[in-house]
Amino acid sequence: MNPRRKKRLLITSALVVGLSLAVGLVLFALQQNIDLFYTPTEIIEGKKETGIKPEVGQRLRIGGMVLNGSVKRDPESLKVSFDLIDNGGGIVTVFFTGILPDLFREGQGIVAQGELLNATQVNAFEVLAKHDEEYMPPEVAEALEGMDHLKTDKK
Amino acid sequence: MLAEIGQFALVIACMLSLLQTVYPLYGIYARQQNAIESAKILTILQFFFVAVSFAILSYLFLVNDFTVTYIATNSNSALPWYYRLSAVWGAHEGSLLLWVLLLSLWSTAVAVMSKRLPIESIARVLAVLGLLSLGFYLFVLLTSNPFLRTLPYFPVDGRDLNPLLQDIGLILHPPMLYMGYVGFSVAFAFAIAALMEGRLDSAWAKWSRPWTMAAWVFLTVGIALGSWWAYYELGWGGWWFWDPVENASFMPWIAGTALIHSLAVSEKRGVFKSWTVLLAISAFSLSLLGTFLVRSGILVSVHAFASDPARGLFILAFLILIIGGSLLLYAVQAPKVKSRGRYRLFSRETMLLTNNILLIAALIVVLLGTLLPLVHKEIGLGSISIGEPFFNSMFSILVVPFALFLGVAPLVRWKRQNIKELFKPLLHSLFISTAITLIFLYSFASHFTWLALMGVFLGFWVLSTTCYELCLRATHRFSLFTGLTKLGYSHWAMSIGHAGFAVMIIGITMTQNYSIERDVKLAVGDHIAFEHYDFHFDAVNDLQGKNYTGSVGVFTIKKDDQYVATMKPEKRIYTVQRMPMTEAAINAGVTRDLYIAMGEMLPDGAWAVRIYYKPFIRWIWFGPLMMGFAGILMMLDRRYRVKKSDEEEA
């Protein structure tokens, strides 16, 4: 090989190695941070598309409607728990410590992000409610399709 | 009647934009001077009609005409007049009208202010801009008409503007952001026109550069405003959430930042030209992509407006047409572009290339993180979300080489640089920045973390190399003081812009590493203390606003037993939409913010309260403001000023 080609080969292979390293790192970081979305029914029976149930300890997002009368508060602290339900009928209990969003109410669709504690319990580190009266995350809307919305707060 | 006139004006503007696209191009083809010169008039006329349309919509908002559907759903007679005006762009239809208004404003600015350019080039640029306008006019008229009537059964009062949007931040944030988004259309049009002409030279880069810079300034300030607004208005004290819609504005910004740097190389050295064109196309395409993501409702986001599949489909088609068309043109024409300049491996050119590579890497990270959930869902694998840690860790990695090179690059000469000459300045800077970092952390940090050390060091590294370079350049021929006054505006612009980046990095690092966030349960009379601060909950009073009621908490803050401030966070209930809103109380300072937000009243009468201590968070927004100021300075540089003699000529 003449020196010029050798130099080019070196540069090219260095580029390839560097690029694949970078891509590998990005994909690895991505793998660690993907949170699948489940409805309460899917947590109990497995995902609609694949039938796979989440494992205990897995990070996930769950979306559903807050069951009426299920919000329980700890009198001493900001611990709170509530049940989520969807149109499949499954019920999952969510535990959360902190301040619930302004639009969190019973009978509302919400999304929580957290860790699966056991088959029907999720420990959430974040609870999101929809941001205005019109908007609901599409996934939650799908999960609640056909259910009666209890709009007690509306005129 | 007025609403119909508004819509009619919009239709006329749409027709004019069609003419603006076709007629000048025909003129160039048929060599008819009249047709070529008509481009400017058509552009100005188009702007006039869309401005009339926008003014009418604003007027209808002011006089509470609830026979117009858009006004009935987004305004209310109890709303103060300034929010009624900003409600014009508070939702989908009106914000698109603002978009086309700004697009034609930019086009008009190009038509009026580029007297030094050959008329044929301007005609091409305006034709491309006309085509973009045409697309958006059709979009507004066909899928999102703001002038639709509610007749015959119109409501007595409107449903009110979303309370989140009733804020000064929202009066300013969307127009700024849109000016930036839309402004990249000018850079795009210049690039497409140059490709059509088959002529890409340094002159092209020189014309394009101030326009690109203007758009970038607006986008920078717009994003910073949005971040600031989210911080005080959303009530959980974050400044960036990696929300898809934020990412949608961040991607054009990254591409734009790469573009202003590579344009500098193209202008000064005549290299990287086809790459610059590609960046110009990308920056605007990403703006369009952002619009698609936001407007189609395809994304799960706090910013999502009402979704309508027809709208999504329209923008998608438009997106494919514009991006596909311009990339095709690029593929055909770009190989003809020849770069003449030569440069060595170690030179300013390579440094700026590195800047571009790292920015593109960042862009890909954001793009991947934003679009992957979409793809994942569309191919039937279920919905996913990509967590903040992904973006945070990727950016903490990328910022290291970026900031290191950023410090070195301004010291490196064009064409070639002897490495040995750099040892002294770099060693000095290294020493200075390490020393300042240690002193800084010792004074302000409560504990040690490697991440904080790294971030703060990078910030001071950029700051000290920037100052060092300024001094070197100034003392090159004169004494330091005279030298500094003799430096050109664009040199100052570079230094201030880079310093702004450094300030932002320091702010981000300190906020992310040393914030203290406490969600606590407090009853009146309770207090909580941390970081030398004592927060005493004095009282809760009733609150009565114009279109809301609520409660206001009263907190007395003391630092080491010295009175600091009284803070009054509010909990509002907006009466029309029955929507609760948290108005945080913020005590701002250069080195720290104190932040109190009322959560909810608990059954036993105590309140859930959110209390934050946020060190150096103001720096996060002050940095971008410096960058924006730097951009303006660059545009004022002698090279871009229209000379007196030219104006007299014209």
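**Reading the contacts of chains A and B**

Q: How many salt bridges does the rule find across the interface of chain B and chain A?
A: Two salt bridges cross it in this predicted model. To spot one, look for a side-chain nitrogen of Lys or Arg within 4 Å of a carboxyl oxygen of Asp or Glu. Take Glu600(B) and Arg73(A): their closest N and O atoms are 3.0 Å apart, and the pair forms a salt bridge.

Q: How many residue pairs are in polar contact across the interface of chain B and chain A?
A: There are five such pairs, with both residues at pLDDT 80 or more.

Q: Which elements of chain B supply at least two residues to the side that touches chain A?
A: Start with the helices: H12 (348-378) and H13 (388-408) each do so. Strands E1 (384-386), E2 (516-522), E8 (579-583), E10 (592-601) and E11 (607-615) of chain B do so too.

Q: What does that side of chain B have by class?
A: Sort its residues into three groups. The side of chain B that touches chain A has 24 nonpolar residues, 11 polar ones and nine charged ones.

Q: How many residues does the contact take from chain B and from chain A?
A: Count each side on its own. Chain B gives 44 residues and chain A gives 35 residues.

Q: How is area read, and what do chain B and chain A bury between them?
A: Buried area is what two parts lose on being put together, summed over both. Here chain B and chain A bury about 3300 Å². Of that, 60% is on carbon and sulfur atoms.

Q: Which strand of chain A is joined to E1(B)?
A: Follow the bridges from one strand to the other. Strand E1 of chain A, residues 34-38, is joined to E1(B) by three bridges, and the two run antiparallel. To find your place, look at Ile34(A), which stands opposite Ile386(B).

Q: Where are the domains of chain B?
A: A domain may be made of several segments, as this case shows: domain 1 of chain B covers 2-236 + 248-293 + 313-338, and domain 2 covers 516-618. Their centres are 40 Å apart, taken over C-alpha atoms. Even so, 18 residues of domain 1 of chain B are in contact with 19 residues of domain 2 of chain B.

Q: Which residues of domain 1 of chain B lose the most area to domain 2 of chain B?
A: First take the total: the two domains bury about 1500 Å² between them, 51% of it on carbon and sulfur atoms. Pro163(B), Tyr231(B) and Gly235(B) lose the most in domain 1, together 38% of what that side buries.

Q: How many salt bridges and polar contacts lie between domain 1 and domain 2 of chain B?
A: The rule finds zero salt bridges between these domains. Three residue pairs are in polar contact, both residues being at pLDDT 80 or more. The domain 1 side of this contact divides into 10 nonpolar, five polar and three charged residues.

Q: Where do E5(B) and E6(B) form a hairpin, and what is in the turn?
A: Find the two strands, then the link. E5 (548-559) and E6 (562-567) of chain B pair in the antiparallel sense over five bridges. Phe555(B) has Met567(B) in E6(B) as its bridge partner. Two residues lie between the strands, and Asp560(B) in the turn has a positive phi of about 45°.

Q: What does the salt bridge of Arg149(B) and Asp65(B) tie together?
A: Look at where each residue sits. The two side chains meet at 3.8 Å, N to O. Arg149(B) lies in the loop between helices H6 and H7 of chain B, and Asp65(B) in the loop between helices H2 and H3, so the pair ties together parts that are 84 residues apart in sequence.

Conventions
Residues are numbered from 1 along each chain as its sequence is written. Chains are lettered from A and ligands numbered from 1 in the order in which they are written. This is a predicted model: local features need pLDDT of at least 70, side-chain atom pairs count only at pLDDT 80 or more; totals for chains, interfaces and linings use all residues. Side-chain values use heavy atoms; hydrogens and water are left out. Contact means heavy atoms within 4.5 Å. Buried area is the accessible area (1.4 Å probe) that two parts lose on being put together, summed over both. A polar contact is a pair of N or O atoms within 3.5 Å; within protein, one must be able to donate a hydrogen and the other to accept it, and residues adjacent in sequence count only if both atoms are side-chain atoms. Helices (H or I, at least four residues) and strands (E, at least two) are DSSP runs, numbered from the N terminus. Ala, Val, Leu, Ile, Met, Phe, Trp, Tyr, Cys and Pro count as nonpolar, Asp, Glu, Lys and Arg as charged, and the others, Gly among them, as polar. Two strands pair if DSSP finds at least two bridges between them. Domain bounds come from an automatic or database domain assignment.
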